[in-house]
Amino acid sequence: MQTRNRVKKIIIGNWKMNPITLKDAEKLFRNIMKELLGNKKTEIIVCPPFIYLENIKKLSRSNQKVSLGAQDAFVGDVGPFTGEISPEMLANIGVKYVILGHSERRTLGENNNSINKKIKSALASGLVPVFCVGENERDGNHSYFNVVKEQIEICLDGISKNLISKIIIAYEPVWALSSTVNRKDATPADCLEMAIFIKKILSDKFGVKTELPRIIYGGSVTERNAGEFLTNGGVDGLLPGQVSLDAKKFGGIVKIAENL
Ligand code: PGA
């Protein structure tokens, strides 16, 4: 497996369907930028709802440290697809990343085949897919490994070796998300075990000499556990959701990544 010197950590804030007004979205973004003034080493991405992206892009011009991501994108560039937004449209307003295959979208009907099409289309538009994988629950038979393997096999099917390294894979165990009822904490050891497994699937699929996707972790990331996941979780970054709506806490996570 090819290794490369990737000192840069990635922190991606997933705002989900928040906040409720553009004014609040701009305020949150401005506050995040204030928190990130000293930042140098970390790749920081904020993913607001579609409707705020263009305005927030304008705010981000004064601070090139933060890139923008969308939380989904459809397939293609234009066409008769009521309600959808294409990756080309996002790229045209300066969006650089797109979260694809999030478990909350899978709950709404997405599946591995539709996610595969979306990943290919995002790559063709020059966006960086942040492709989410993760099992709903852990069982004694360890069949959760098969769930993640199938997600990777199908969703990355047909993607060429030279594009694969552009993808970021986010391991998000659904049972550990802050929004999951009766959730449990995932540990850095749980994350490490899965990160090793994902790397093995990728190198089997794409070859040991191929530059592979970076892997990040998401699921109730906070300032309290960020350092542990980054140090002992076998991942290159984090995808906080709920905590990314708090500029100080999100900035705190970036600072932890900076100081490792
Ligand atoms: P959480 O969300 O940090 O609120 O658990 C992460 C995610 O769903 O991407």
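**A buried histidine beside the ligand**

1. Let's start with His-102, which counts as buried, at 4% relative accessibility. That label applies because anything under 20% relative accessible area is called buried. One thing to keep in mind from the outset: this is a predicted model. Along the chain, His-102 sits in the loop between β4 (97-100) and α4 (103-107).

2. What does the side chain of His-102 reach at 2.9 Å? The partner there is the backbone nitrogen of Glu-104. The side chain of His-102 also makes a polar contact with the side chain of Glu-172, at 3.1 Å. If you set aside neighbours within four places in sequence, the residues in contact with His-102 are Asn-14, Lys-16, Cys-132, Glu-172 and Leu-177. Several of these names come back below.

3. Now the ligand. It is surrounded by 13 residues, and the closest are Lys-16, His-102, Glu-172, Ser-178 and Gly-241. Sorted by class, this shell holds four nonpolar, seven polar and two charged residues.

4. Some distances to the ligand are worth a look in the viewer. An N or O atom in the side chain of Ser-178 is 2.5 Å from an oxygen atom of the ligand. For Gly-241, a backbone N or O atom lies 2.8 Å from a ligand oxygen. Asn-14 brings a polar side-chain atom to 3.3 Å from an oxygen atom of the ligand. How much of the ligand's accessible area does the protein cover? On its own the ligand has 280 Å² of it, and the protein covers 99% of that.

5. Lys-16, one of the closest residues to the ligand, deserves its own point. It lies in the loop between β1 and α1. Its phi is near 55°, which is a positive value in a residue other than glycine. Is Lys-16 buried or exposed? With 19% relative accessibility, Lys-16 counts as buried, since the limit is under 20%.

6. The loop between β1 (10-14) and α1 (22-35) is also the place of Pro-19. Check the peptide bond that joins Asn-18 and Pro-19: it is cis, with omega at about -10°.

7. Another positive phi turns up at His-142, where the angle is near 60° in a residue other than glycine. His-142 is in the loop between β5 and α6 (144-155). At 42% relative accessibility, His-142 counts as partly exposed.

8. Ser-125 belongs to the loop between α5 (112-124) and β5 (128-133). This serine is buried, with a relative accessible area of 13%. Which residues does Ser-125 touch, leaving out those up to four places away in sequence? They are Pro-87, Glu-88 and Ala-91.

9. Finally, step back to the whole chain. It has 10 helices and eight strands. The radius of gyration is 17 Å, close to the 18 Å that the globule rule gives for 260 residues, so the chain is as compact as a globular protein of that length. Taken along the principal axes, the C-alpha atoms fill a box of roughly 50 × 45 × 40 Å.

10. Buried residues account for 52% of the 260 in the chain. The chain exposes about 12400 Å², with carbon and sulfur atoms supplying 52% of that area. As for contacts between residues at least 6 apart in sequence, 73% join residues at least 24 apart.

Conventions: Residues are numbered from 1 along each chain as its sequence is written. This is a predicted model: local features need pLDDT of at least 70, side-chain atom pairs count only at pLDDT 80 or more; totals for chains, interfaces and linings use all residues. Side-chain values use heavy atoms; hydrogens and water are left out. A residue is near a molecule or strand if one of its heavy atoms lies within 4 Å of it. A polar contact is a pair of N or O atoms within 3.5 Å; within protein, one must be able to donate a hydrogen and the other to accept it, and residues adjacent in sequence count only if both atoms are side-chain atoms. Accessible areas come from the Shrake-Rupley method with a 1.4 Å probe; for residues, only the protein chains shown count as cover. Ala, Val, Leu, Ile, Met, Phe, Trp, Tyr, Cys and Pro count as nonpolar, Asp, Glu, Lys and Arg as charged, and the others, Gly among them, as polar. Helices (H or I, at least four residues) and strands (E, at least two) are DSSP runs, numbered from the N terminus. The radius of gyration is taken over C-alpha atoms; the globule rule is 2.2 Å times the number of residues to the power 0.38. Buried means under 20% relative accessible area, exposed over 50%, partly exposed in between (1.4 Å probe, protein chains only). Contact means heavy atoms within 4.5 Å.
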